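Here is a short report for a reader meeting this structure for the first time. Please look over the sequence and the model, then read on.

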Amino acid sequence: MSPLLPSPLPTFDRTLLRTVATIVPTDERDEWCRTWEAELWHMHHGSRRKPTVAFTTDLSIGLTRDALWLRTDSWRRTFSGTPVLCLASLLGLCLFSTIIAVLVTGSWHPLSLYFTDQLKRSLIGAPLVVFVTFATASRRHLEQGSIGRKLYWIKRQLFFLAKTALILTLTFLLSADICHSLRAALPTTADLLQILTFVLLALVGMRWAFHDQEQRCKQCLHALATPARVGRPSHNLLEWNGTELLCKQGHGLLSIPEIETSWCQSSQWITQPAP
């Protein structure tokens with residue numbers, strides 16, 4: 001907060017402004033402090049109405065909410081589309097599913113026994129899910145540009161393995177939660193339904209994992225954004241027609257053809273040259 005004020009402010013306002021300013025992102029803190037200093041000065045010196053307790057309370061709440069919004073918006077811009085956010089979201093869903101299972105069973109001990117029994121059956125279907133997903137997934141993809149392909153390839157594979165492990169764990173927890181209520185009355189039916197539910201959810205999750213992997217930057221693994229249509233569908237046989245997705249960090253763009261042709265059968269990742 002700037003030490004020079006247009007006019008002295010009450011001690012409470014200065015303390016509140018100094019305290020709440022720590023929530024605001026550093027790069028926006030000075031401008032935020034100057035704006036609110038002007039608002040507080042106008043409230044105490046420019047307005048003929050004397051501030052009441054209710055008005056001061058509302059102003060304090062508004063000041064705090066404004067600072068919190070700036071902080072959360074900064075987090076959103078920082079982590080939006082990042083691989084960290086993707087893995088953290090999947091991990092959070094796994095923890096949430098586990099908490100629901102604990103609440104349903106009543107304690108951790110019977111839940112661990114139930115999970116152990118169901119896990120043995122799900123391990124039979126997991127390889128089948130992975131095999132079917134890999135067999136049916138499109139891997140026609142070309143890279144253009146000089147980048148450290150080996151290092152980035154290892155990074156992409158590690159991210160994909162972590163994402164796959166979390167998806168399979170999440171689908172197992174969801175299938176176990178869904179079928180737990182039927183186990184007491186129909187144990188055999190519940191076991192078969194649990195395996196079927198796990199396989200179906202895992203197939204959907206794995207397909208999403210492949211699609212999400214294709215829609216990410218090949219270097220920083222951020223989700224690609226700003227899709228733009230390029231070309232005209234009526235000239236598909238004469239010129240390129242499709243969609244281009246850009247990396248927000250400026251690493252490159254992904255060109256996805258609208259219709260596969262003999263001279264353009266796969267998407268292409270084009271690395272932007274270093275400045």
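## A salt-bridge cluster in helix α3

Asp 73 and Arg 77 both sit in helix α3, four residues apart, about one turn of the helix. The model is a predicted one. The side chains of Asp 73 and Arg 77 meet in a salt bridge, 3.0 Å from N to O. Asp 73 has another partner, Arg 76, and this salt bridge spans 2.8 Å, N to O. Asp 73 and Arg 76 also both lie in helix α3, three residues apart, again about one turn of the helix.

Is Asp 73 buried or exposed? Asp 73 counts as buried, because its relative accessibility is 13% and the cut-off for buried is under 20%. Arg 77 is partly exposed, with a relative accessible area of 45%. The group reaches further along the chain: Glu 28, Asp 73, Arg 76 and Arg 77 are linked in a network of salt bridges.

The count for the model comes to five salt bridges. One of them joins Arg 216 to Asp 212. Arg 216 counts as buried at 4% relative accessibility. Asp 212 counts as buried too, at 12%.

Three of these salt bridges are set out here.

| Acid | Base | Closest N to O distance |
|---|---|---|
| Asp 73 | Arg 76 | 2.8 Å |
| Asp 73 | Arg 77 | 3.0 Å |
| Asp 212 | Arg 216 | 2.8 Å |

## The chain as a whole

How many helices and strands does the chain have? There are seven helices and five strands. From the N terminus on, the order is α-α-α-α-α-β-α-α-β-β-β-β.

The chain has 275 residues, and 34% of them count as buried. It exposes about 17,000 Å², with carbon and sulfur atoms supplying 66% of that area. Take the contacts with a separation of 6 or more: residues 24 or more positions apart account for 61% of them.

## Two nonpolar cores

The largest nonpolar core holds 26 residues. Within this core, Leu 90, Tyr 114, Phe 115 and Phe 198 touch the most other members. Four helices each supply at least two residues: α4 (83-105), α5 (108-136), α6 (149-183) and α7 (187-214). Which helix gives the largest share of this core? Helix α6 does, with 10 residues.

A second, separate core has 14 residues. Val 20, Cys 33, Leu 59 and Leu 63 are included in this second core.

Tyr 114 deserves a second look. Leaving aside neighbours within four places in sequence, Tyr 114 is in contact with Ala 176, Cys 179, His 180 and Arg 183.

Thr 197 is another residue to pick out, and its place is in helix α7. Thr 197 is buried, with a relative accessible area of 14%. What does Thr 197 touch, not counting residues up to four places away in sequence? Thr 197 touches Ser 175, Ile 178 and Cys 179. Cys 179 thus appears among the contacts of Tyr 114 and among those of Thr 197.

## A nonpolar patch on the surface

Now turn to the outside. Trp 75, Phe 79, Val 84 and Leu 85 form a nonpolar patch on the surface. Together these residues have about 400 Å² of accessible area. Helices α3 (53-79) and α4 are the elements that give two or more residues to the patch.

Leu 85 lies in helix α4. Why is Leu 85 called partly exposed? Its relative accessible area is 38%, so the value falls between the cut-offs of 20% and 50%.

Note on methods. Residues numbered from 1 in each chain as written. Predicted model: local features only at pLDDT ≥ 70, side-chain atom pairs only at ≥ 80, totals over all residues. Heavy atoms only, no water. Core = buried A, V, L, I, M, F, W, Y, C linked by side-chain atoms within 4.5 Å. Buried < 20%, exposed > 50% of the residue type's maximum accessible area, 1.4 Å probe, protein only. Contact = heavy atoms within 4.5 Å. Patch = residues over 30% accessible without salt bridge, like charges linked within 9 Å, V, L, I, M, F, W, Y side chains within 5 Å. Areas by Shrake-Rupley, 256 points an atom, 1.4 Å probe, with all protein chains shown as cover. Salt bridge = Lys/Arg side-chain N within 4 Å of Asp/Glu carboxyl O.
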